[in-house]
2 protein chains.
Amino acid sequence: MCEANAYFIKDGEEVLIMESVDVVEPEGEESWQLVSIFGDRKIIRGRIKGMNLVSHRIMFEEKTD
Amino acid sequence: MCEANAYFIKDGEEVLIMESVDVVEPEGEESWQLVSIFGDRKIIRGRIKGMNLVSHRIMFEEKTD
């Protein structure tokens, strides 16, 4: 399975938002809906800072502009 | 390996942009840099329409607003 873990990066610290994320979809402006392989859903405000799929990582950060 | 294929969706048609994408990073406003597991790099203008990691798919679309 190729799900990823989603993190929020703030002040250089990583906070795990959700494990085993399958789906990521935009939810209006600068928000994202995450859906895990277990069907859990979460809305994240912020923007995507980067993704490393081979490392199973999706990083979000606060929108600053 | 958990890389994904990146597609651009336009008028309901899918065009394959890059196979075996590992890294996705924002590149300024509404552009994204894709890096494959082979080290190929490509800059895509548009926004993320959605990702299905278990299906190895990242979909981009034109920014319309």
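Strands here are DSSP runs of E, at least two residues long, numbered from the N terminus. The model is predicted. The exercises below go through it residue by residue.

**Exercise 1. Where is Ser20(A), and is Ser20(A) buried or exposed?**

Step 1. Find the element. Ser20(A) sits in strand S2 of chain A, which covers residues 13-26.

Step 2. Check the cover. Buried means under 20% relative accessible area. Ser20(A) has 13%, so Ser20(A) counts as buried.

Step 3. Look at the backbone. Ser20(A) is not a glycine, yet its phi is positive, about 55°.

**Exercise 2. Which sign does phi of Glu30(B) have, and where does Glu30(B) lie?**

Step 1. Read the angle. Phi of Glu30(B) is near 60°, a positive value in a residue other than glycine.

Step 2. Place the residue. Glu30(B) belongs to the loop between strand S2 (13-26) and strand S3 (31-36) of chain B.

Step 3. Grade the exposure. Partly exposed is the class between 20% and 50%. Glu30(B) has 24% relative accessibility, so Glu30(B) is partly exposed.

**Exercise 3. Describe Ser31(B): its element, its cover and its contacts.**

Step 1. Place Ser31(B). This residue is in strand S3 of chain B.

Step 2. Apply the cut-off. The relative accessible area is 8%, so Ser31(B) is buried.

Step 3. List the partners, leaving aside neighbours within four places in sequence. Ser31(B) touches Glu25(B) and Pro26(B). Ser31(B) is also in contact with Ile43(B), Ile44(B), Arg45(B) and Gly46(B).

**Exercise 4. Which residues form a nonpolar patch on the surface with Ile37(A)?**

Step 1. Name the members. Met1(A) and Phe38(A) form the patch together with Ile37(A).

Step 2. Give the area. Together they have about 350 Å² of accessible area.

Step 3. Place one member. Ile37(A) is in the loop between strand S3 (31-36) and strand S4 (41-45) of chain A.

Step 4. Test that member. A patch residue needs over 30% relative accessible area. Ile37(A) has 31% and is partly exposed.

**Exercise 5. Which residue lies over the face of Tyr7(A), and how many aromatic pairs are there over all chains?**

Step 1. Look at chain A. Arg57(A) lies over the face of Tyr7(A), 4.8 Å from the ring centre.

Step 2. Look at chain B. Arg57(B) lies over the face of Tyr7(B), at 4.8 Å from the ring centre.

Step 3. Count ring pairs. Ring centres must lie within 6.5 Å to pair. The count over all chains is 0.

**Exercise 6. How many salt bridges does the structure hold, and which parts of chain A does the pair Lys10(A) and Glu62(A) link?**

Step 1. Take the total. There are 8 salt bridges over all chains.

Step 2. Pick one pair. The side chains of Lys10(A) and Glu62(A) form a salt bridge at 3.5 Å, N to O.

Step 3. Trace both ends. Lys10(A) is in strand S1 (residues 4-10) of chain A, and Glu62(A) is in the segment after strand S6 (57-61). They are 52 residues apart, so the pair links distant parts of the chain. 

Step 4. Grade both ends. Lys10(A) has 44% relative accessibility and counts as partly exposed. Glu62(A), at 43%, is partly exposed too.

**Exercise 7. Which residue meets Arg57(B) in a salt bridge?**

Step 1. Find the partner. The side chain of Glu14(B) meets that of Arg57(B) at 2.6 Å, N to O.

Step 2. Trace the link. Arg57(B) is in strand S6 of chain B and Glu14(B) is in strand S2, 43 residues apart.

Step 3. Grade the partner. Glu14(B) has a relative accessible area of 41% and is partly exposed.

**Exercise 8. What surrounds Glu61(B)?**

Step 1. Place Glu61(B). The residue is in strand S6 (residues 57-61) of chain B.

Step 2. List the contacts, again without neighbours within four places in sequence. They are Phe8(B), Ile9(B), Gly46(B), Arg47(B) and Lys49(B).

Step 3. Find the salt bridge. Lys49(B) and Glu61(B) meet at 3.7 Å, N to O. Lys49(B) lies in strand S5 (residues 47-52) and Glu61(B) in strand S6, so the pair ties together parts 12 residues apart in sequence. Lys49(B) is partly exposed, at 39% relative accessibility.

Step 4. Turn to chain A. Salt bridges that share partners join Arg47(A), Lys49(A) and Glu61(A) into one network.

Step 5. Check C-alpha separations. Glu61(B) and Gly50(B) are 11 residues apart along the chain, with C-alpha atoms separated by 9.1 Å. For Asp11(B) and Glu61(B), 50 residues apart, the C-alpha separation is 9.5 Å.

Methods
Residues numbered from 1 in each chain as written. Chains lettered and ligands numbered in written order. Predicted model: local features only at pLDDT ≥ 70, side-chain atom pairs only at ≥ 80, totals over all residues. Heavy atoms only, no water. Helix = DSSP H or I, 4+ residues; strand = E, 2+ residues; numbered from the N terminus. Buried < 20%, exposed > 50% of the residue type's maximum accessible area, 1.4 Å probe, protein only. Patch = residues over 30% accessible without salt bridge, like charges linked within 9 Å, V, L, I, M, F, W, Y side chains within 5 Å. Areas by Shrake-Rupley, 256 points an atom, 1.4 Å probe, with all protein chains shown as cover. Salt bridge = Lys/Arg side-chain N within 4 Å of Asp/Glu carboxyl O. Phe/Tyr/Trp six-rings, centres within 6.5 Å; stacked < 30°, edge-to-face > 60°. Lys NZ or Arg CZ within 6 Å of the ring centre and 35° of its normal. Contact = heavy atoms within 4.5 Å.
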